[in-house]
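I opened the notebook to record what I looked up in this structure, taking one helix, then the open and closed spaces, then the backbone.

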Amino acid sequence: MFSVEKEKIKPIISVAVDESKEVFRSTLRNLREPFIFLKKQDQLFAYAALNKQLQMKLEKEDFSQELLNEYTKPIDSICCLSEHISFTDLFQIIGEPFAIIRSEDGSPQGYISREDVLAELFKQENKSVDLLKILLTSIPMGIFVLDKERHIINCNESGLKMIKSTADKVLNSPAEKIFSGEHLNNVFSTGKTLLNHLEFTNGVGVLVDYSPIVGYDLRVEGAVIVVQDLPMVEEMAMEIEYIKDLNKDLNAILSSIYDEILVVNAKGELIRYSENIIQDFWQVDLQELIGKNVLELEDQGLFTPSVTRLVIEKKKKVSVVQETKSGRKILAVGNPVFNEKNELDRIIVASRDITETTRLKSELQEMKKISEQYKKELDNFKSKDRFLKKLIYCSPKMEKIMNQVQKIAEFSSTVLLNGESGVGKEVIAQAIHHLGSRSHKPFLKLNCGAIPENLLESELFGYAKGAFTGADKNGKDGYFKQADGGILFLDEIGEMPMHLQVKLLRVLQEQEVIPVGSTTPIKVNVQIVAATNKKLSKMVEEGTFREDLFYRLNVIPIQIPPLRERTEDISLLAFHFLQQLNEKYNRNYHLTPDAVNVLEFYSWPGNVRELQNIIERLVVTADHAAIDAEFVSQFLSLGYENKKMKPVITRVIPLQEAIDHVEEQLIMLAMKQYKTTTKAAKALGISQSSVSRKYQKILNDKNMTIEI
Amino acid sequence: MRIEGDYMYFGVLLSPCFGRVEKIPIKHSARIYEWEPLFTIRKEDGMFEMVQTSLSGKIESIEVQEGDYVIPGMVLAYVKEDLFVTGSD
Ligand SMILES: Nc1ncnc2c1ncn2[C@@H]1O[C@H](COP(=O)(O)OP(=O)(O)O)[C@@H](O)[C@H]1O
Ligand SMILES: [Mg+2]
């Protein structure tokens with residue numbers, strides 16, 4: 001509130017309407033004020049603004065009351081104020097050129113021009129009166145004032161609230177950011193007012209009016225945007241957005257479960273379909289099918305069978321797998337939906353392309369098979385590995401043999417193992433079995449020297465029903481039949497009687513056996529591994545082994561050298577057996593280096609078997625964990641060849657034979673100990689050339705190659 | 001509407017022919033093995049068709065009842081397959 005300065009209040013010069021022309025004329029002549037007031041019955045009722053135009057007219061036409069009347073305006077619209085002006089009064093004054101000031105008793109005291117009130121107002125600025133602000137804030141609508149550049153230069157709180165923004169974000173920013181640029185263009189270019197535009201700003205629905213601010217030259221100098229909020233509209237809009245979102249989510253969810261969803265009414269007419277469809281399935285555009293009957297498509301032979309028809313007929317859920325022309329498999333599940341009267345209302349057909357699933361499934365099956373295969377192979381490999389771990393060697397000779405065994409194992413050739421007793425012929429035979437393709441089939445061992453000759457035949461070939469008294473009355477399969485698909489290990493083949501050799505030869509040639517007491521041959525598929533410690537070729541010469549059988553067996557001959565010829569293996573085997581026994585008896589026996597020397601120096605006539613036995617005896621009788629040379633030598637047969645010991649002959653043999661025997665042993669020992677013929681010759685006290693010659697002869701006799 | 005969300009992980013047992021389901025010797029959640037006779041369908045010519053499958057696993061749901069008319073491709077049952085092959089070798 002502010003007070004008006006006294007000097008600004010102008011006097012009211014009035015004339016009563018019923019006064020004479022002269023009074024009017026003189027009053028007007030003397031008038032220094034811009035307004036003349038008219039009275040009727042002593043009451044002010046009208047006024048006229050005395051501008052130049054009116055004054056001149058009045059002069060010219062010699063004053064007429066009628067002329068004045070044309071320019072008068074009723075006083076009712078003019079507001080009456082007290083000397084103290086409130087802000088709301090300001091709004092009253094704005095529309096009119098002046099206001100009348102009443103004194104305390106209510107009588108008109110004078111008037112004040114609008115300019116003066118406003119000037120007064122600006123003087124009061126120190127009281128921070130912002131008329132425009134007051135104006136704007138008091139309006140229950142959002143108001144945004146734009147300048148020529150369409151920047152928002154002012155706005156009110158309600159406006160900010162409605163668009164859910166703040167003054168610092170809005171002020172001086174382009175109005176286009178918030179309101180429709182198109183409408184703004186329209187307003188600024190045409191100067192027209194645009195009303196009632198529904199707009200969404202910041203997710204809020206509002207009703208917007210665009211109104212230009214037109215300057216004196218009729219150019220648009222800015223605009224006022226009036227915003228009304230529409231709580232209802234906003235709610236509806238939000239709901240629509242929400243439903244849209246929900247729809248999107250549902251669509252996403254459904255399409256992740258189904259590839260296509262159709263909604264069909266009870267008649268079979270397509271009402272709706274999902275965003276995703278199975279392209280391949282329908283040879284027509286689904287949009288064209290809306291409202292059409294899908295059952296007709298079936299009649300046209302477009303697809304069969306129709307799930308829809310089945311659901312209509314059965315009035316319950318039906319699932320069908322259909323195949324498309326390009327071979328895709330589609331699982332379609334038709335679900336009936338019933339109304340309140342329990343009548344069929346809709347059918348929802350959800351389909352899924354299960355081609356991929358089917359393919360994946362069969363791939364999975366395939367993978368399972370493969371992995372099982374791998375597992376088997378791995379097990380196989382493991383058992384091979386385990387087996388190979390039990391087979392101990394490091395000598396080049398054995399290495400060579402094992403390489404050969406690996407190769408043989410892949411084929412089913414007949415193998416003839418030759419070597420002294422205990423060298424490991426049986427172990428090698430088992431290795432052939434383990435490493436080969438027949439490892440899952442039987443490995444049968446038959447000791448040809450251990451079975452009574454009269455039983456050998458029936459053991460090998462089996463016998464027919466009632467073949468002989470005492471025999472099983474149902475007959476019996478022979479070894480060959482039992483080992484079918486696998487390996488038959490014929491140990492001590494050299495012990496086989498001649499008449500059976502013929503029969504064996506027949507089996508090897510014909511791959512079939514004739515059981516004792518039968519005439520019908522039985523086909524067999526057996527790999528033969530034979531072993532002997534005899535020189536079969538010599539037996540052939542002597543006529544005790546059939547030559548034809550020998551050649552039959554001698555397809556792949558493997559000569560396993562005696563242990564003394566592969567001394568590298570001795571310590572390894574000794575440690576291996578010792579280790580096994582230590583584990584078995586929970587002991588910690590070990591061999592001293594000199595004990596190992598003794599073992600390596602020994603000739604091992606019983607080979608690996610003998611070594612194994614000796615180690616066991618050592619362990620069983622040892623008092624100390626450390627087994628030394630002295631202890632070991634007690635156990636070696638014939639005693640350890642002590643330097644001072646003389647060769648002992650225990651029976652009478654031809655002298656030459658004894659000399660040959662001793663010579664051979666001496667040469668071998670010397671070569672073993674000294675490695676070179678020169679050194680051996682020195683130790684033996686003979687020439688190097690004679691050592692070389694004798695050594696070569698021994699090796700030749702033993703059928704070995706020289707590796708010097 | 002019941003959405004069997006994960007039916008895609010099941011194997012389907014389909015009708016091979018037109019006919020009427022004569023006999024269903026299996027029950028829901030029963031365990032089935034490969035090539036076990038599961039459904040008997042009486043064909044239009046009066047012949048019986050035995051429905052078997054290479055699947056083994058658990059019956060997840062039976063989609064038809066005895067007396068139902070079936071057509072080729074119609075799902076008779078969903079089978080939740082065993083993860084490991086049960087077949088003997
Ligand atoms: N290289 C070797 N590694 C481990 N043990 C072996 C080895 N060679 C032979 N043996 C073992 O020696 C003993 C005799 O072997 P064996 O095969 O029966 O000999 P052969 O049949 O030649 O008389 C068996 O107990 C065997 O396990
Ligand atoms: Mg042996």
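Which residues of α28(A) are buried? I kept in mind throughout that this is a predicted model. Looking along the helix, I found that A:Ser690, A:Val691, A:Tyr695, A:Ile698 and A:Leu699 are its buried residues. Viewed down the axis of α28(A), these buried residues fall within an arc of 165°, so they line one face of the helix.

I then turned to the other side, where the face turned away from the buried residues of α28(A) carries the exposed residues A:Arg693, A:Lys697 and A:Asp701. For the partners of the buried side, I noted that its residues pack against α26 (655–674) and α27 (677–684) of chain A. I also checked the length of α28, which covers residues 688–701 of chain A: at 1.5 Å a residue, its 14 residues should span 20 Å, and the end C-alpha atoms are 20 Å apart, which agrees.

Next I looked up the second largest pocket, which holds about 680 Å³ of space. It is lined by 26 residues, of which A:Gly424, A:Glu426, A:Val427, A:Val608 and A:Gln612 are the closest to its centre. Among the elements that give two or more residues to this lining are α14 (355–390), β21 (443–447), α22 (568–585) and α24 (607–621) of chain A, while α16(A) gives the most, with 5 residues. Sorting the lining of this pocket by class, I entered 10 nonpolar, 8 polar and 8 charged residues.

For enclosed spaces, I listed 4 cavities of 30 Å³ or more, and I took the second largest of the cavities, with a volume of about 40 Å³, for a fuller entry. Its lining is made up of A:Phe480, A:Val507, A:Leu508, A:Gln511, A:Val524, A:Asn525, A:Val526 and A:Ile528, which by class gives 6 nonpolar, 2 polar and no charged residues.

A:Gln511 led me on to the backbone, for this residue has a positive phi of about 60° although it is not a glycine. I reminded myself that most residues other than glycine have a negative phi. A:Gln511 sits in the loop between α19 (498–510) and β25 (512–513) of chain A, and with a relative accessible area of 34% it is partly exposed.

I made a parallel entry for A:Arg150, which is not a glycine either and has a positive phi of about 65°. A:Arg150 is found in the loop between β10 (142–146) and β11 (152–155) of chain A, and at 22% relative accessibility it counts as partly exposed.

Definitions and conventions:
Residues are numbered from 1 along each chain as its sequence is written. Chains are lettered from A and ligands numbered from 1 in the order in which they are written. This is a predicted model: local features need pLDDT of at least 70, side-chain atom pairs count only at pLDDT 80 or more; totals for chains, interfaces and linings use all residues. Side-chain values use heavy atoms; hydrogens and water are left out. Helices (H or I, at least four residues) and strands (E, at least two) are DSSP runs, numbered from the N terminus. The expected span of a helix is 1.5 Å times one less than its number of residues. Buried means under 20% relative accessible area, exposed over 50%, partly exposed in between (1.4 Å probe, protein chains only). The arc is that of the directions from the helix axis to the C-beta atoms. Contact means heavy atoms within 4.5 Å. On a 1 Å grid over the protein atoms alone, a cavity is a set of points where a 1.4 Å probe fits but cannot get out, and a pocket is an open set with protein on both sides within 12 Å along at least five of seven lines; lining residues have an atom within 4 Å of a point. Grid points are joined across faces, edges and corners, and a volume is the space filled by probe spheres set on the points. Ala, Val, Leu, Ile, Met, Phe, Trp, Tyr, Cys and Pro count as nonpolar, Asp, Glu, Lys and Arg as charged, and the others, Gly among them, as polar.
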